[in-house]
Structures are given as C-alpha cells and as structure tokens.
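User: I should like to learn how to read helix contacts and charged pairs in a model. Could you take me through them?

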Amino acid sequence: MKHRHLGRSGLLVSEIAYGNWITHGSQVEEDAALACVRAALDEGITTFDTADVYAGTRAEEVLGRALKGERREGLEIFTKVYWRTGPGVNDSGLSRKHIMESIDGSLKRLGTEYVDLYQAHRYDKHTPLEETMEAFADVVHRGKAHYIGVSEWTAAEIRAAKPLADELKIRLVSNQPQYSMLWRVIEAEVVPASVELGLGQIVWSPLAQGVLTGKYKPGQQPPAGSRATDEKSGAGFIARWLEDDVLTRVQQLQPLADQAGLTLAQLGVAWVLQNPNVSAAIIGASRPEQVRDNVKASGVELDAGLLKAIDEIVDPVVTRDPSLTSSPANRP
C-alpha cells in the first residue's frame with residue numbers, strides 16, 4: 001500500500017482509504033463489516049473514513065468496534081459533521097452548538113479520544129463561516145481533531161475558509177468530493193483552487209457507485225442483491241449511471257483494463273489516483289474480496305496512451321459541470 005501526503009500537510013494517508021457510507025450498520029451485517037475492516041487492515045489500509053450521519057450514527061459505532069485493539073497511532077480516522085443526527089432544531093448544520101456536540105458524540109461512538117481529520121460534510125449557508133471555523137478551531141485546540149477538512153465545497157467556499165483557518169492556526173487540508181471517470185465536476189475549479197491553497201482531495205465513489213466494475217450490463221436487469229436493487233443502500237445514487245449508453249461505454253473499457261493487467265474496478269480506482277491532487281480514493285465493500293481486489297490499484301501508473309484511450313471512450317457520457325458541486329439551500 002502506497003501512502004500520500006494529505007494536501008500540503010505532514011499527514012500521510014493510505015492512497016486507498018476504507019469508507020463505510022452505506023455498508024456498516026445498514027447494508028451488511030456487523031460480522032461482514034468487521035471482516036471487511038480486517039481485510040483492509042491486512043492489505044495495509046491505514047485510513048478509515050466515516051460520518052456521524054451514516055446509518056443513523058450506527059456506522060461510527062461499527063467502525064469503532066472493528067478498530068478496537070488496533071494501535072491508534074497507526075491509524076488515520078476521519079469523520080464528518082453537518083447532516084441531521086437528531087430531532088432537534090440544532091441537530092444539523094455547522095453551528096457552534098452542533099459542531100461541539102457532534103464531535104463528542106462521534107468520539108464516543110468511535111471509541112477514540114481524537115480523530116485525525118474532522119470534516120464539514122457540506123457548506124452551511126445559514127451559519128456564518130466565521131462561527132463554523134472558530135468552532136473547528138476549538139475542536140482542534142482541545143485535542144479532539146488534528147486536522148480540518150470539507151466535503152463537496154465549491155472553490156469559492158474553500159477560498160473563503162482557508163484564510164480563516166490560517167488566522168485561527170488550524171490546518172484546513174482536504175476536500176472530499178465525488179470523483180470518477182464519469183463524474184469530473186471538480187476538475188475545472190475545485191482542483192485548481194485546492195492545488196493553490198494546499199488541500200488534497202479524498203475522493204468518494206471512484207467506481208461511480210459500482211457501475212465502473214462492469215457488473216451492470218446494458219439491456220439487462222441489475223444483478224440480484226446489487227446496490228441498484230436496494231433502495232436502502234444507494235439505489236437513488238446509482239440510477240443516473242444505469243443508462244444503456246453509459247453501461248455500453250463501461251463495457252468498452254474492458255480491453256483497456258486487460259491491456260493494463262487490471263480488473264475494471266482496479267482500473268477505475270487507479271484512474272482517480274493518477275490525478276496528483278488526489279490524496280486518497282475511498283472504497284467501500286460488503287465482502288472482504290472486494291477490498292482485496294480494489295487495493296491492487298495502489299501504486300499503479302497508467303500511461304498517457306491508456307488515459308487518452310479511456311477519455312475517448314467515456315467522454316460523451318462524462319459529467320463535468322462545476323455548478324453541480326453544491327450544498328443544500330436549507331439545513332436538512
């Protein structure tokens with residue numbers, strides 16, 4: 001497993017991170033979740049990403065139990081705050097109240113005294129940015145987090161936050177966006193701003209919700225038990241990729257994967273890692289074999305000719321519009 005710096009910070013993260021967005025506490029039983037985490041650890045993954053909202057806070061609990069007994073200093077544990085986690089009017093957003101209460105809840109569920117990275121899961125348009133950053137600064141200065149990150153923030157929002165973080169003497173080091181061969185909305189604005197300001201990308205859905213594995217075939221029903229058939233595990237997110245034109249082009253990538261000696265899934269993960277601003281690609285899994293397969297993308301270098309051939313195949317179905325990086329107009 002290769003490691004990369006998280007942005008321009010001194011923190012090293014495994015370039016393939018393990019995330020439990022729609023698996024732990026919901027899609028798979030706990031024994032299976034624990035087996036996936038064990039496989040990740042065995043394969044050299046040291047970076048684990050979760051959020052307080054995943055599976056209604058259960059995902060943090062499952063990850064905490066899965067990592068119990070591991071040497072804490074050898075792990076990088078990330079979580080997030082923003083989405084609704086309770087019935088109260090202040091149980092969402094990035095107010096000082098919600099941030100200070102949420103970090104304590106996350107630490108308790110994770111069974112740790114600190115997280116390595118605490119991330120704003122979206123931008124809160126109803127809280128002054130100064131209030132949010134001051135609360136994050138207190139979290140860091142009290143030793144409850146080492147670094148601060150954001151998720152799905154626009155270039156303008158990142159540019160506004162970075163000088164505040166510097167003034168408050170905290171390290172804003174990362175953004176967590178969706179990014180894959182098919183979804184490239186960060187390339188035009190977010191990546192250039194991040195390069196300039198020293199943030200790295202921790203990308204989610206590098207396989208476009210599993211479409212880039214090739215298991216979804218044009219003109220055929222989704223495989224039984226797949227994400228596309230399970231309304232509780234992200235079927236709504238994958239729907240946009242299930243058009244026959246997209247699926248046909250994904251199948252056309254298979255000879256390129258064969259040429260590189262990779263599976264389609266490995267090719268998809270390796271592709272996002274070719275972007276030098278990407279610090280880590282987050283993979284999820286419902287079975288340990290998926291982890292073992294995906295980690296083989298670590299350290300892979302795709303030559304310019306192969307990257308050009310990939311672009312020629314998928315370009316007509318790629319989404320690039322930078323305006324699609326957005327946060328809710330109102331708090332959830």
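The dialogue below treats a helix contact and then the salt bridges.

Analyst: Please bear in mind throughout that this is a predicted model.

User: How should the arrangement of two helices be read, and at what angle do the axes of helix 5 and helix 6 cross?

Analyst: One begins with the distance and the angle between the axes. Helix 5 (residues 155-167) and helix 6 (residues 190-197) have axes that come within 9 Å and cross at roughly 20 degrees. Angles under 35 degrees count as roughly parallel, and the two helices are therefore roughly parallel to each other. The crossing of helix 5 past helix 6 is right-handed.

User: Which residues make the contact?

Analyst: From helix 5, the contact is made by A155, I158, R159 and K162; helix 6 contributes V190, A193, S194, E196 and L197. By character, these contact residues comprise 5 nonpolar, 1 polar and 3 charged.

User: Turning to charged pairs, what is the general idea, and how many salt bridges does the count give?

Analyst: Side chains of opposite charge can pair when their charged atoms come close. The criterion here is a side-chain nitrogen of Lys or Arg within 4 Å of a carboxyl oxygen of Asp or Glu. By this rule there are 18 salt bridges.

User: Which parts does the salt bridge between D138 and R96 tie together?

Analyst: The side chains of D138 and R96 meet at 2.8 Å, N to O. Because D138 lies in helix 4 (residues 129-141) and R96 in helix 3 (residues 96-110), the pair ties together parts that are 42 residues apart in sequence. D138 is partly exposed, at 23% relative accessibility, and R96 is partly exposed at 32%.

User: Is R184, the partner of D311, buried or exposed?

Analyst: R184 counts as buried, with a relative accessibility of 4%, whereas D311 is partly exposed at 30%. The closest N and O atoms of their salt bridge are 2.9 Å apart. D311 belongs to helix 12 (residues 304-314) and R184 to the loop between strand 8 (172-175) and helix 6, so this pair ties together parts that are 127 residues apart in sequence.

User: Where do R249 and D245 lie?

Analyst: Both lie in helix 8 (residues 244-251), 4 residues apart, about one turn of the helix. Their salt bridge has its closest N and O atoms 3.2 Å apart. D245 is partly exposed, with a relative accessible area of 40%.

User: Which residues are linked in a network of salt bridges?

Analyst: R38, D42 and E70 are linked in such a network.

Technical notes. Residues are numbered from 1 along each chain as its sequence is written. This is a predicted model: local features need pLDDT of at least 70, side-chain atom pairs count only at pLDDT 80 or more; totals for chains, interfaces and linings use all residues. Side-chain values use heavy atoms; hydrogens and water are left out. Axes are lines fitted to C-alpha atoms, for helices over the stretch in contact, and angles run from 0 to 180 degrees between N-to-C directions. Angles under 35 degrees count as roughly parallel, over 145 as roughly antiparallel, 65 to 115 as roughly perpendicular and the rest as oblique. A crossing is left-handed if the near helix is turned anticlockwise from the far one by less than a right angle, and right-handed if clockwise. Contact means heavy atoms within 4.5 Å. Ala, Val, Leu, Ile, Met, Phe, Trp, Tyr, Cys and Pro count as nonpolar, Asp, Glu, Lys and Arg as charged, and the others, Gly among them, as polar. Buried means under 20% relative accessible area, exposed over 50%, partly exposed in between (1.4 Å probe, protein chains only).
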